[in-house]
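Here are some short exercises to work through with the model open in your viewer. Try each task before you read its solution.

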Amino acid sequence: MVGPLHYLVLAALLFGLGAVGVVLRRNALIVLMSIELMLNAVNLTFLTFSRFPLVQTAPTQGGFLTGHAAVFFVIAVAAAEAAVGLAIVIAVFRSRTSVNVDEFDTLKF
Amino acid sequence: MAESILFWILAAGVVVGGAQVVLRRNPAYAAMSLVACFFFLAGIYVLLSAHLIAILQVMVYAGAVMVLFVFVIMLLNLKEEELGEQRITLWKGIGALSVVALVGLIAFSALRHAYTGRVRDLAVEQLATGFGTVKAVGRTLYLFSILPFEITSLLLTVAIVGAVVVAKGKI
């Protein structure tokens, strides 16, 4: 039988994959995709705790579905983040002709 | 029983898709794997009775965000030599190991004690109120988080304008 821990461990795995992508890959596009993976892992955790709550009564007015509302906002923010992030990638590519994040070191001291 | 089988199939798809995103050298293949990963994740959300979120996942992530990614990948049109070689350095190894250790710590130390007593399943308890449907989530959104909801529309407007301003060379 599948319980909440299965979903939580899956979310941890997905977050780990995203973190590995951010740490290991030098392609700015893949770094952005890995960030999306991590955001989705967070969404999965929100939804799991929303369906299998740890408390008897909901702590806020919105009831137990506030987890779903939080995921809604995360999706909206992720869409905005992807749009702005990709615009920055295009702008940097125009001046440096590269998407390697190791070469973006103008601000390095 | 059916839920268990579906969960394992979908979870395997999510993990394989996510791993492909990290391991693929060409960003176009990574983007396609990410689309597959998001579709499997939408299936997981359906298993969690989050019907509205599952639809949003397919429409916003697999639809809008990934189309944006694919557009940018094709716009940049990276050549093989511009992708750069994959070097395994000491610091990358340390980074990967620390991430694996972090996941292990989360999965086996923190989560193990999360649920000690009987597990409440709200999808069964609140079946009559339509847990996770458009109506129920919409009620929560509009009655109890209307201000963040409206601020989100402002955020999206700012993101659109910001993306155009940043990506356009000369205004």
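## Exercise 1: The build of chain B

Of the 171 residues in chain B of this predicted model, 26% count as buried.

**Task.** Work out what chain B is built from, and whether it is spread out or a compact globule.

**Solution.**
- Start with the elements: chain B has 7 helices and 0 strands. Read from the N terminus, that gives the order α-α-α-α-α-α-α.
- Now look at the radius of gyration, which is 21 Å for chain B. The globule rule gives 16 Å for 171 residues, and the value for chain B is well over that, so the chain is more spread out than a compact globule.
- For the extents, take the C-alpha trace along its principal axes: chain B spans about 55 × 45 × 25 Å.
- As for contacts within chain B, take those with a separation of 6 or more: 50% of them come from residues 24 or more positions apart.

## Exercise 2: The domains of chain B

**Task.** Find which domains chain B is divided into and what distance separates their centres.

**Solution.**
- Mark off domain 1 at residues 2-86 and domain 2 at residues 133-171 of chain B.
- Then take the two centres over C-alpha atoms: domain 1 of chain B and domain 2 of chain B are separated by 23 Å.

## Exercise 3: Where the chains touch

**Task.** Count the residues in the contact between chain A and chain B, and say which helix of chain B gives the most.

**Solution.**
- Count each side: chain B puts in 72 residues and chain A puts in 67 residues.
- Next, list the elements of chain B that give two or more residues to this side; among them are helix H1 (2-23), helix H3 (51-76) and helix H7 (146-167). The top giver is H3(B), with 13 residues.
- Sort the chain B side by type, and you get 56 nonpolar, 11 polar and 5 charged residues.

## Exercise 4: A helix pair across the contact

**Task.** Decide whether H2(A) and H2(B) are roughly parallel or roughly antiparallel, and describe their contact.

**Solution.**
- Get the geometry: helix H2 (residues 28-51) of chain A packs against H2(B) at an angle of about 5°, and the axes are 11 Å apart.
- Apply the cut-off: angles under 35 degrees count as roughly parallel, so H2(A) is roughly parallel to H2(B).
- Pick out the side chains to display: H2(A) brings residues including A:Met33, A:Glu36, A:Asn40 and A:Leu44, while H2(B) brings residues including B:Pro27, B:Leu34, B:Ile44 and B:Tyr45.
- Finish with the types: the contact of H2(A) with H2(B) has 12 nonpolar residues, 1 polar and 1 charged.

How values were computed:
Residues numbered from 1 in each chain as written. Chains lettered and ligands numbered in written order. Predicted model: local features only at pLDDT ≥ 70, side-chain atom pairs only at ≥ 80, totals over all residues. Contact = placed C-beta atoms within 7 Å. Helix = DSSP H or I, 4+ residues; strand = E, 2+ residues; numbered from the N terminus. Nonpolar A, V, L, I, M, F, W, Y, C, P; charged D, E, K, R; others polar. Axes fitted to C-alpha atoms, helices over the stretch in contact; angles between N-to-C directions. Parallel < 35°, antiparallel > 145°, perpendicular 65-115°, else oblique. Rg over C-alpha atoms; globule rule 2.2 N^0.38 Å. Buried ≥ 20, exposed ≤ 12 C-beta atoms within 10 Å, placed from the backbone. Domains from an automatic or database assignment.
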